[in-house]
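Please find below a short note on the structure, written for a reader who is new to such models. The points may be read alongside the sequence and the three-dimensional view.

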Amino acid sequence: MAKENMTIRIEPELKEQASELFKSLGMDLSTATNIFYRQCLRTHGIPFEIKLDEPNEKTYAALEASENCEVSGPFESVDELMEVLDA
């Protein structure tokens with residue numbers, strides 16, 4: 001079977017981390033990419049869930065409190081801020 005080259009843009013750190021992972025699994029980036037495309041064809045889509053992270057109720061409450069100026073800083077630490085938000 002003939003093969004073709006493909007060029008993709010990827011952050012160097014991401015490429016390095018992925019290369020190390022795939023090497024530990026006994027494959028290179030090219031093999032991993034081929035597996036991804038084959039899985040896409042097999043499932044007729046992306047083979048994993050892609051979704052937006054939805055904030056939880058606590059995050060929504062903190063956003064609302066900040067918009068209503070119910071929280072004011074500055075805070076000395078994240079822990080201090082979290083204490084105020086938990087109150």
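The numbered points below take up the helices, the residues that follow them, and the surface.

1. The model is predicted, and every remark in this note should be read with that in mind.

2. Helix 1 covers residues 12-24, a run of 13 residues. From its first C-alpha to its last, helix 1 reaches 18 Å, close to the 18 Å expected at 1.5 Å a residue. After helix 1 comes G26, and the phi of G26 is positive, near 85 degrees.

3. Helix 2 comprises residues 29-43. With 15 residues at 1.5 Å a residue, helix 2 should span 21 Å; its end C-alpha atoms are 21 Å apart, so the expected and the computed values agree.

4. Which residue with a positive phi follows helix 2? The residue is H44, with a phi near 60 degrees. This value deserves the student's attention, since H44 is not a glycine. Most residues other than glycine have a negative phi. H44 is found in the loop between helix 2 and helix 3, the latter being residues 57-67. H44 counts as exposed because its relative accessibility is 75%, and the cut-off for that class is over 50%.

5. A nonpolar patch on the surface is formed by M6, I8, I10, L14, F36, Y37, I46, F48 and I50. Together these residues have about 870 Å² of accessible area. One member, Y37, is found in helix 2. Is Y37 exposed or partly exposed? Y37 counts as partly exposed, because its relative accessibility is 39%, and this class lies between the cut-offs of 20% and 50%.

6. A second patch, of negative charge, gathers E11, E13, E16 and E20 on the surface. Among them, E11 lies in the segment before helix 1. With a relative accessible area of 57%, E11 is exposed. When considering residues within a helix, the student may recall a general rule. An α-helix has 3.6 residues a turn, so residues three or four places apart point the same way.

7. R42 lies in helix 2 and is exposed, with a relative accessible area of 57%. How far apart in space are R42 and F75? Their C-alpha atoms are 52 Å apart, while in sequence the two residues are separated by 33 residues.

Note on methods
Residues are numbered from 1 along each chain as its sequence is written. This is a predicted model: local features need pLDDT of at least 70, side-chain atom pairs count only at pLDDT 80 or more; totals for chains, interfaces and linings use all residues. Side-chain values use heavy atoms; hydrogens and water are left out. Patches are made of residues with over 30% relative accessible area and no salt bridge: like charges are joined within 9 Å, nonpolar side chains (Val, Leu, Ile, Met, Phe, Trp, Tyr) within 5 Å. Accessible areas come from the Shrake-Rupley method with a 1.4 Å probe; for residues, only the protein chains shown count as cover. A salt bridge is a side-chain nitrogen of Lys or Arg within 4 Å of a carboxyl oxygen of Asp or Glu. Helices (H or I, at least four residues) and strands (E, at least two) are DSSP runs, numbered from the N terminus. Buried means under 20% relative accessible area, exposed over 50%, partly exposed in between (1.4 Å probe, protein chains only). The expected span of a helix is 1.5 Å times one less than its number of residues. Lys and Arg count as positive and Asp and Glu as negative; His and the chain ends are not counted. The place of a charge is taken as NZ of Lys, CZ of Arg, CG of Asp or CD of Glu.
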